[in-house]
Amino acid sequence: MTKTISRRKQRKAHFTAPSHVRRVIMSATLSKDLRAKYNVRSVPIRKDDEVKIVRGSQKGRDGKVVACYRKKWAIHVDKVTREKVNGATVQVPIHPSNVQITKLKVDNDRKKLLARKDRSANKGKATAAEMHNID
């Protein structure tokens, strides 16, 4: 984002962010078992991820992400709907910070992202024994 401490400029940068920046901002934390598996704390949310809602009026419900609505900073989760006065059912928009990813849809791009964000301590580092055997 921007290099400023001004609240006004930070808010402007956030709410006028382009779509590719919104993708990163619209990240969600991973569940404990996924965090242990991938050594990653959070990833940008996408369609077909399975999530559990951990905050708000829909807390405790889970389902699959059916849409990521970047323009409105929201995701839509299947089975999380409400009925309008005229009888139509509509998706309830949920902010990604209020959900936890329980199952990732992993493709090649996601694998590369998870490998890049991997926080394991000895990732790519040579051990002392390996360094000793170089010559």
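**Notebook: tryptophan 73 and its surroundings**

I began with tryptophan 73, which I found in the loop between strand 4 and strand 5. I note at the outset that I am working from a predicted model.

I then asked myself: is tryptophan 73 buried or exposed? Its relative accessible area comes to 10%, and because anything under 20% counts as buried, I entered tryptophan 73 as buried.

Next I looked up the backbone of tryptophan 73, and I wrote down a positive phi of about 55°, although this residue is not a glycine. I kept the general expectation beside that entry: most residues other than glycine have a negative phi.

Turning to aromatic rings, I found that the structure holds 1 aromatic pair. Phenylalanine 15 and tryptophan 73 make up this pair, with 6.4 Å from centre to centre and 85° between the planes. I recorded the arrangement as edge-to-face, since planes over 60 degrees apart are classed that way.

Where do the two partners of the pair lie along the chain? Phenylalanine 15 belongs to helix 1 (residues 7-15), while tryptophan 73 sits between strand 4 (62-69) and strand 5 (74-83), so I noted that the pair links distant parts of the chain, 58 residues apart. Phenylalanine 15 has a relative accessibility of 43% and therefore goes into my notes as partly exposed, whereas its partner tryptophan 73 is buried.

I followed the chain into strand 5, where I came to lysine 79. Lysine 79, too, is not a glycine and yet has a positive phi, here of about 70°. With a relative accessible area of 58%, lysine 79 is exposed.

For the surface charges, I asked which residues gather in a patch of positive charge. I listed Arg23, Arg70, Arg116, Lys117 and Arg119 as the residues of this surface patch. Of these I looked further at lysine 117, which lies in helix 4 (residues 108-117) and is partly exposed, with a relative accessible area of 32%.

As a last entry I compared tryptophan 73 with aspartate 118, and I noted that they stand 45 residues apart in sequence and 26 Å apart in space, taken from C-alpha to C-alpha.

Technical notes
Residues are numbered from 1 along each chain as its sequence is written. This is a predicted model: local features need pLDDT of at least 70, side-chain atom pairs count only at pLDDT 80 or more; totals for chains, interfaces and linings use all residues. Side-chain values use heavy atoms; hydrogens and water are left out. Rings of Phe, Tyr and Trp (its six-membered ring) pair if their centres lie within 6.5 Å; planes under 30 degrees apart count as stacked, over 60 as edge-to-face and the rest as tilted. Helices (H or I, at least four residues) and strands (E, at least two) are DSSP runs, numbered from the N terminus. Buried means under 20% relative accessible area, exposed over 50%, partly exposed in between (1.4 Å probe, protein chains only). Patches are made of residues with over 30% relative accessible area and no salt bridge: like charges are joined within 9 Å, nonpolar side chains (Val, Leu, Ile, Met, Phe, Trp, Tyr) within 5 Å. Accessible areas come from the Shrake-Rupley method with a 1.4 Å probe; for residues, only the protein chains shown count as cover. A salt bridge is a side-chain nitrogen of Lys or Arg within 4 Å of a carboxyl oxygen of Asp or Glu. Lys and Arg count as positive and Asp and Glu as negative; His and the chain ends are not counted. The place of a charge is taken as NZ of Lys, CZ of Arg, CG of Asp or CD of Glu.
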